[in-house]
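Please examine the sequence and the three-dimensional structure shown here before reading on. The explanation afterwards is meant to be followed with the coordinates in view.

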Amino acid sequence: MPTTKSPYISLISLLLIIATSYYSFYSLMPNNSISTEAKSTNFSTQKALVHLKKITQEPHFTGSDHHQFVREYLKTALEDLGLEVEIQAQIAVNNKWGAATKAKNIIAKIPGTNSSKPLLLLSHYDSNPHSSLGASDAASGVVTILESVRALLAQPNNFKNDIIICISDAEELGLLGASAFVNHHPWGKNIGLVLNLEARGSGGPSYMLLETNGGNETLIKTFSNANTPYPVGNSLMYSIYKMLPNDTDLTIFREDGNVNGFNFAFIGDHFDYHTVQDSYDRMDINTFKHQASYMLPLIQYYANSDLSNLNSTNDLVYFNFPHIGIAYYPFSWVLPIAIILAFVFLLIISIGIYKRRLSVRETLQGFIPFIGALTGTILTAFFGWKFLLIIHPQYQDILHGFTYNGYSYIAMFVAFSIAIFLRFYKNYLLKLQVQNLLIAPITIWVLINIAIAYYLKGAGFFSIPLSTGILLLAIHLFVQNNNKWKPLYYSILLIPTLIIFVPLIKMFPVGLGLKMTGISALFTVLLLGIALPVIHSLPFRKPLGRLAFLIGVLAFITAFTNSGYNLENRQPNSIIYTLDTDAQKAYWGSYNNSSDDFTVQFLGDQPIAGNYDTTITASKYKTAIKWHREAPIKNFKAPEINIITDSIQGNNRFVHFRIKSLRNANRIELISSYPIRLKLFVVNDIAMKKAIHPVKKRGTILSYYLTSPNEILDLKLTISKEETLNLSILEASFDLLSNPQFDIKPRADYMMPMPFVLNDAIVLKKRINLYKATASEQFKETTN
Ligand SMILES: [Zn+2]
């Protein structure tokens with residue numbers, strides 16, 4: 001009697017699956033940390049890192065002293081390459097954010113021999129206020145451009161298109177440098193293509209994400225032709241990105257200039273983003289090399305191709321694959337592929353039933369473990385994360401939504417998903433035939449593919465696991481059953497699916513936060529579903545399930561022991577001092593969930609829950625002040641407010657006033673106590689487009705960042721005369737810890753300022769006293 005099962009072949013099949021899963025990560029990016037680039041025409045990581053270290057010693061947010069140092073440094077570095085450098089100083093506004101500042105972009109041009117349209121290299125040199133060192137975000141991009149340009153200029157200079165370098169300013173404040181360039185610089189509107197370098201963490205692969213107003217066809221085809229060594233990107237990210245309101249410098253180029261562009265951004269180790277931990281030492285060198293690996297091939301390709309029309313109306317499904325690069329096919333194939341695969345699947349089922357190889361009863365029974373595993377794992381991930389937030393309340397203070405031990409949690413939920421899957425299938429794999437069990441997961445994949453064809457075409461490459469599943473089913477049904485090598489064939493057929501999907505299991509929670517581990521669980525179960533023929537062949541399923549559970553428990557223990565804070569993983573905390581100059585009241589406020597050794601000196605033992613003022617300063621994730629306490633009144637000079645005009649003309653009220661900080665503050669926010677609709681809003685002679693809020697809004701209507709001493713903010717606004725106008729300003733300076741009026745015990749070395757919120761700041765609140773009487777008298781006159 002021929003043997004149909006060999007434990008060795010099953011083991012090899014399993015090892016092949018594990019090795020392929022490992023390779024799916026390994027192949028994404030360069031892994032050789034140390035290398036010497038001997039030729040001067042190559043990109044030198046060492047040379048780039050020398051610049052990086054120099055410009056990331058201090059926070060360098062727009063308006064800070066070190067910001068000026070970084071600007072001068074970069075200007076000189078470009079001039080040393082023989083380029084003529086322009087500093088474009090321009091008031092710029094962001095209509096969506098209601099933000100404005102005087103941005104100072106660093107701009108240079110390398111002329112081409114016969115330019116179609118210029119290629120723009122873009123990254124921003126400002127760091128996030130007030131504590132980030134901005135090494136990854138985005139000094140890494142800036143020095144990559146600097147070193148790429150150096151290598152490029154070392155080559156025989158024979159490219160066709162002009163290359164413009166724009167090291168933009170004030171990206172963190174509202175993409176303001178990009179706005180200054182696109183809307184106010186003579187070169188801004190005529191760009192052929194932008195290559196933008198960004199970071200939202202300090203590790204992981206660098207993803208390509210394109211921005212276009214049309215379809216991606218030409219951009220993807222040309223990008224693929226450029227042959228970058230480690231392209232990473234897929235149309236699922238592209239489709240999701242298009243649906244979300246996104247904000248990078250490229251958004252300004254696309255919206256205001258109809259310019260196409262590629263973003264290259266790494267998003268791993270998100271917890272470092274916008275903090276003092278975004279430092280030279282913590283930036284992953286392999287990540288940096290990956291980001292840089294895109295640049296020279298793309299510059300060389302696009303500097304020599306026709307950039308006058310990269311627009312297209314069609315979209316492509318695309319994904320990266322080792323040794324192939326970017327594979328793609330049209331969106332228009334997605335629905336036909338889904339229909340054909342569904343049809344083939346039905347055909348196989350019919351033949352299977354006809355030939356009595358499939359049992360209808362067993363097939364239906366096969367849905368029980370699959371649906372059970374799907375719901376079991378997703379619920380485990382969902383409630384598991386909620387549970388973790390309860391036992392570790394300190395996680396609420398990490399506003400990124402990704403904790404320092406986050407990777408352990410992903411591993412834990414994936415391991416538990418495997419254990420839960422095997423538990424649900426334990427008896428069914430013994431009781432039912434595997435071909436019958438395979439019908440349920442493939443049916444779910446068919447439904448997913450059909451839904452994708454209508455709602456998320458960018459995920460069209462989900463047809464690959466579906467076709468693999470169908471192929472495995474067909475082989476199992478129709479190829480002779482006594483072939484002992486079958487499990488190995490199955491594993492080999494699963495390779496493309498594993499390479500494409502295993503990285504997605506990690507990418508979703510890394511990109512969207514640990515609350516998204518449910519997606520990891522879902523993908524894990526979907527993959528295990530089509531791997532059932534291999535799983536079925538394994539003689540050691542029971543210990544395997546226990547091993548998966550054990551790995552999950554070990555991951556949990558690892559995470560638990562690393563859930564605290566230390567020098568490597570610092571505790572974020574926050575404090576602000578607010579003085580209401582009208583009411584002569586002052587408060588300490590903190591965004592933390594509980595007070596600690598640092599904040600207790602302000603909040604005392606019995607702080608009051610909630611905020612002292614509902615209009616105070618919005619933060620990135622709408623984080624509210626959690627605790628406050630009354631503070632001593634200190635002697636600060638309130639900002640000077642000068643009303644120039646407040647009059648009514650026709651149906652409109654026109655108000656013109658000026659604000660000047662008397663203590664060199666960093667930011668002035670204009671707050672409206674009532675919802676108002678601005679008909680016209682002019683900030684230092686630059687009009688906010690379509691007024692900033694199309695609907696009535698209360699709260700912050702402008703955040704203006706001051707960049708020089710004695711700078712005057714000049715504001716003109718027009719509203720309907722019917723509106724109630726009650727304005728006040730919040731003037732913030734980031735010098736709380738160094739201000740001589742306070743005697744503050746500094747943070748312990750395992751702490752750091754919390755990002756995304758106003759922090760370590762002195763805030764003065766002042767009402768703007770408009771000529772209310774005059775205005776209402778005029779109001780009477782005009783209505784009578
Ligand atoms: Zn950035």
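The paragraphs below treat a metal site, a hairpin, a pocket and a sheet in turn. The structure is a predicted model, and the description should be read accordingly.

The metal site is a convenient point of entry. The zinc ion takes its protein donors from H124 (NE2), D137 (OD) and E198, the last of which is listed with two OE donors. These atoms lie 1.9 to 2.5 Å from the ion. Along the chain, the donors of the zinc ion follow the spacing H-x12-D-x60-E. H124 belongs to strand β3 (residues 119–124) and D137 to helix α4 (residues 135–153); this pair, 13 residues apart, links distant parts of the chain. Both H124 and D137 are buried.

Why is the arrangement of the four donor atoms around the zinc ion irregular? The angles that they subtend run from 52 to 142°. Four donors count as tetrahedral if all angles lie between 85 and 135 degrees, and the range at the zinc ion therefore makes the arrangement irregular. For reference, the ideal angle for four tetrahedral donors is 109.5 degrees.

The hairpin is formed by β1 and β2, with four residues between them. In its turn, G98 has a positive phi of about 65°. Strand β1 (residues 85–94) and strand β2 (residues 99–110) run antiparallel and are joined by 10 bridges. Within this pairing, A89 stands opposite K104 in β2. Because seven of the 10 residues of β1 are buried, the strand is largely enclosed by the rest of the structure.

Attention now turns to the second largest pocket, whose volume is about 1000 Å³. Its lining comprises 30 residues, and those nearest its centre are I17, I18, S21, V414 and I418. The elements contributing two or more residues to this lining are α1 (7–26), α14 (406–431), α17 (486–512), α18 (517–530), α19 (532–537) and α20 (541–561). Helix α14 provides the largest share, seven residues. By class, the lining of the second largest pocket holds 26 nonpolar, three polar and one charged residues.

The last feature is an open sheet of five strands with antiparallel pairing, in the order β15-β16-β21-β18-β19. Its edge strands, β15 (640–649) and β19 (686–687), each pair on one side only. Elsewhere in the order, strand β16 (residues 652–660) and strand β21 (residues 712–720) are paired in the antiparallel sense over nine bridges. F657 has L715 in β21 as its bridge partner. In a regular strand, side chains alternate between the two faces of the sheet.

How values were computed: Residues numbered from 1 in each chain as written. Predicted model: local features only at pLDDT ≥ 70, side-chain atom pairs only at ≥ 80, totals over all residues. Heavy atoms only, no water. Donors = N, O, S within 2.8 Å, 3.2 Å for Na, K, Ca; no water. Tetrahedral: all angles 85-135°; square planar, octahedral: opposite > 155°, others 65-115°. Buried < 20%, exposed > 50% of the residue type's maximum accessible area, 1.4 Å probe, protein only. Pairing = 2+ DSSP bridges. 1 Å grid on protein atoms, 1.4 Å probe; cavity = no way out; pocket = protein on both sides within 12 Å on 5 of 7 lines; lining within 4 Å. Points joined across faces, edges and corners; volume = space filled by probe spheres on them. Nonpolar A, V, L, I, M, F, W, Y, C, P; charged D, E, K, R; others polar.
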